[in-house]
Amino acid sequence: MSFEHETEPMMHDSGWPPLILANAPNGATRSKADHPALPITESEIARTAAEIAEAGAALIHVHVRDAQGRHLLDAQAYRAVTAAIRAEVGDRLVVQITSEAAGRYEAPEQMAVVRATHPEAVSLALREIVPDAGAETAAAAFFTWARRERVLLQIILYEPAEVARYADLKSRGVLGEGGDFPLFVLGRYTPGQVSRPADLLPFLATSGEGVPLWSICAFGPRENACALVAAGLGGHVRVGFENSLLAPDGRPAESNAAQIRRAAEGARLLGRPLADADTARALMA
């Protein structure tokens with residue numbers, strides 16, 4: 001399988017493409033009962049943004065909540081949290097909103113909030129936005145709009161079989177022209193939802209050379225091990241409390257910034273440079 005991106009991956013003098021290090025600080029369902037440092041409010045998320053930017057992150061993946069603490073897709077809430085982040089860090093982070101359904105929303109609502117928010121970047125689960133052949137027409141119109149408006153797109157793939165479906169939809173034009181920065185979710189359906197570095201291998205075997213720009217997220221105490229392996233294989237990395245609250249030794253992680261620092265240190269040991277936000281924007285575009 002193969003499909004072209006508009007630009008070749010940027011290469012650093014070291015020979016490595018700069019690593020896009022992303023943070024997912026909260027997620028759709030976790031609370032402070034899970035970890036007291038989990039950011040929920042606009043001010044908490046903005047403060048986390050400043051901390052992860054200092055630690056080496058180039059992108060923040062944002063969830064917002066309603067007054068009862070439930071997962072929310074709402075343009076006004078997204079604009080408010082984006083403004084709070086920008087007040088803290090300016091343009092030093094790519095701000096990516098989620099379109100996750102989390103059992104509350106359907107594809108038309110998910111696409112509508114992206115249109116209404118007009119975000120810099122958005123993550124989109126393939127199985128939610130294009131659940132079947134009947135959803136392809138509406139999805140194609142949405143992707144055409146998003147690319148015309150230069151929204152940076154990340155397609156979430158939960159299992160290797162979805163990589164093949166992604167390639168098929170891409171080849172038929174359903175997802176439009178241009179790059180998508182797929183996210184491989186490692187270990188989503190394993191017992192206890194615990195990831196291992198080897199979980200990446202079936203994704204890569206399925207994608208072959210057809211997905212030149214990709215990232216991973218992982219669950220449990222081996223999150224950082226998965227991140228290091230992905231970085232060593234030329235991929236990009238998302239870490240944070242959405243997926244794992246644990247440090248590599250199994251104890252609770254100190255903060256989202258600590259998770260970023262561990263991944264950044266792994267990149268340093270590999271000799272791989274970190275992408276800043278502008279480099280990440282250029283790569284994702």
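**Stop 1: helices H3 and H5**

Select helix H3, residues 107-117, together with helix H5, residues 136-148; their axes lie 11 Å apart and the packing angle is about 15°. This is a predicted model. Angles under 35 degrees count as roughly parallel, so H3 and H5 are roughly parallel to each other. Look at how they cross: H3 passes H5 in a left-handed crossing.

Now show the side chains at the contact. From H3, pick Met111, Val114 and Arg115. From H5, pick Ala138, Ala139, Ala141, Phe142 and Trp145. Colour them by class: the contact of H3 with H5 has seven nonpolar residues, one charged and no polar.

Stay with H3 and select Pro108, which lies in this helix. Is Pro108 buried or exposed? Its relative accessibility is 60%, and exposed means over 50%, so Pro108 counts as exposed. Draw a distance from its C-alpha atom to that of Arg172. The two are 64 residues apart along the chain, and the separation is 21 Å.

**Stop 2: aromatic rings**

Show the aromatic side chains. How many aromatic pairs does a search of the whole structure find? It finds four. Zoom in on Phe184 and Trp214. Their ring centres are 5.6 Å apart, with the planes at 20°, so this pair is stacked. Phe184 belongs to strand E8, residues 183-186. Trp214 sits in the loop between helix H7 (200-207) and strand E9 (215-218). The pair therefore ties together parts that are 30 residues apart in sequence. Switch on a surface: Phe184 and Trp214 are both buried.

Next, select Phe142, Phe143 and Trp145. Ring pairs link these three residues into a cluster. Phe142 and Trp145 are also among the H5 residues in contact with H3.

**Stop 3: helices H6 and H7**

Select helix H6, residues 160-171, along with H7. Their axes are 8 Å apart, and they pack at an angle of about 25°. H6 and H7 are therefore roughly parallel to each other. Their crossing is right-handed.

Which residues meet here? On the H6 side, show Pro160, Val163 and Ala164. On the H7 side, show Pro202, Phe203, Thr206 and Ser207. By class, the contact of H6 with H7 has five nonpolar residues, two polar and no charged.

**Stop 4: Ala49**

Move to helix H1, residues 42-55, and select Ala49 within this helix. Its relative accessible area is 0%, so Ala49 is buried. Leaving out residues up to four places away in sequence, Ala49 touches Ile60, Ile85, Val89 and Leu93. Show those four side chains around Ala49. Then add Asn23, 26 residues from Ala49 along the chain; their C-alpha atoms are separated by 8.7 Å.

**Stop 5: two positive phi angles**

Check the backbone next. Most residues other than glycine have a negative phi. Two loop residues are worth selecting.

Start with Arg150, in the loop between H5 and strand E7 (152-157). Arg150 is not a glycine, yet its phi is positive, about 60°. Its relative accessibility is 73%, so Arg150 counts as exposed.

Finish at Phe181, in the loop between H6 and E8. The phi of Phe181 is near 55°, again a positive value in a residue other than glycine. Is Phe181 buried or exposed? Buried means under 20% relative accessible area. Phe181 has 2%, so Phe181 is buried.

Methods
Residues numbered from 1 in each chain as written. Predicted model: local features only at pLDDT ≥ 70, side-chain atom pairs only at ≥ 80, totals over all residues. Heavy atoms only, no water. Axes fitted to C-alpha atoms, helices over the stretch in contact; angles between N-to-C directions. Helix = DSSP H or I, 4+ residues; strand = E, 2+ residues; numbered from the N terminus. Parallel < 35°, antiparallel > 145°, perpendicular 65-115°, else oblique. Left-handed = near helix turned anticlockwise from the far one by under 90°. Contact = heavy atoms within 4.5 Å. Nonpolar A, V, L, I, M, F, W, Y, C, P; charged D, E, K, R; others polar. Phe/Tyr/Trp six-rings, centres within 6.5 Å; stacked < 30°, edge-to-face > 60°. Buried < 20%, exposed > 50% of the residue type's maximum accessible area, 1.4 Å probe, protein only.
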